[in-house]
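Please look through the structure below slowly, following the chain from its beginning, before reading the explanation that comes after it.

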Amino acid sequence: MGVTPRRPRRHDRFTKPALYAEAGIPAYWRVERGDFGPVVYRYELVKGVHYNLLGTVGPDDVVQVGEPWPMRLDPSAWAR
């Protein structure tokens, strides 16, 4: 069985957001493996054209977010 090649980060950082904006998706999160654990990048759609970065959540951050719905986000509880 062969190994599935990883898509370059460029695809996740540029191609996907452009397609999501075109589709009118109001918010998205990109999760990447950081040096010390998962890092979450939170984005919101602006004027139906592009995304603004709302903020990042590091591997040891615990935050309460309101968008896209209220929740507690705790990457330290995720598998590393």
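Contact, as the word is used here, means that heavy atoms lie within 4.5 Å of each other, and the angle given between two elements is taken between their N-to-C directions, on a scale from 0 to 180 degrees. With these terms in hand, and remembering that this is a predicted model, we can begin with helix α1, made of residues 9-23, which lies across β1, β2 and β3 and runs at about 170° to β1.

The three strands that the helix lies across form an open sheet in the order β1-β2-β3, with antiparallel pairing. Because β1 (27-33) and β3 (50-57) stand at the edges and each has a single partner strand, one side of each is left without a neighbour in the sheet. If direction is ignored, neighbouring strands of this sheet are turned against each other by 25° on average.

Let us now follow the pairing from strand to strand. The antiparallel strands β1 and β2 are joined by seven bridges, and one of the residues to look for is Glu32, whose bridge partner in β2 is Val39. These two strands form a hairpin with four residues between them, and in its turn Gly37 has a positive phi of about 140°.

On the other side of the pairing order, β2 (residues 38-46) and β3 also pair in the antiparallel sense, over seven bridges. Here Arg42 stands opposite Gly55 in β3, while Glu44 stands opposite Asn52 in β3. The hairpin of β2 and β3 has three residues between the strands, and Lys47 in this hairpin takes a positive phi near 55°.

Finally, how many of the nine residues of β2 are buried? Counting a residue as buried when its relative accessible area is under 20%, the number is seven of the nine, and therefore β2 is largely enclosed by the rest of the structure.

Terms used: Residues numbered from 1 in each chain as written. Predicted model: local features only at pLDDT ≥ 70, side-chain atom pairs only at ≥ 80, totals over all residues. Heavy atoms only, no water. Pairing = 2+ DSSP bridges. Buried < 20%, exposed > 50% of the residue type's maximum accessible area, 1.4 Å probe, protein only.
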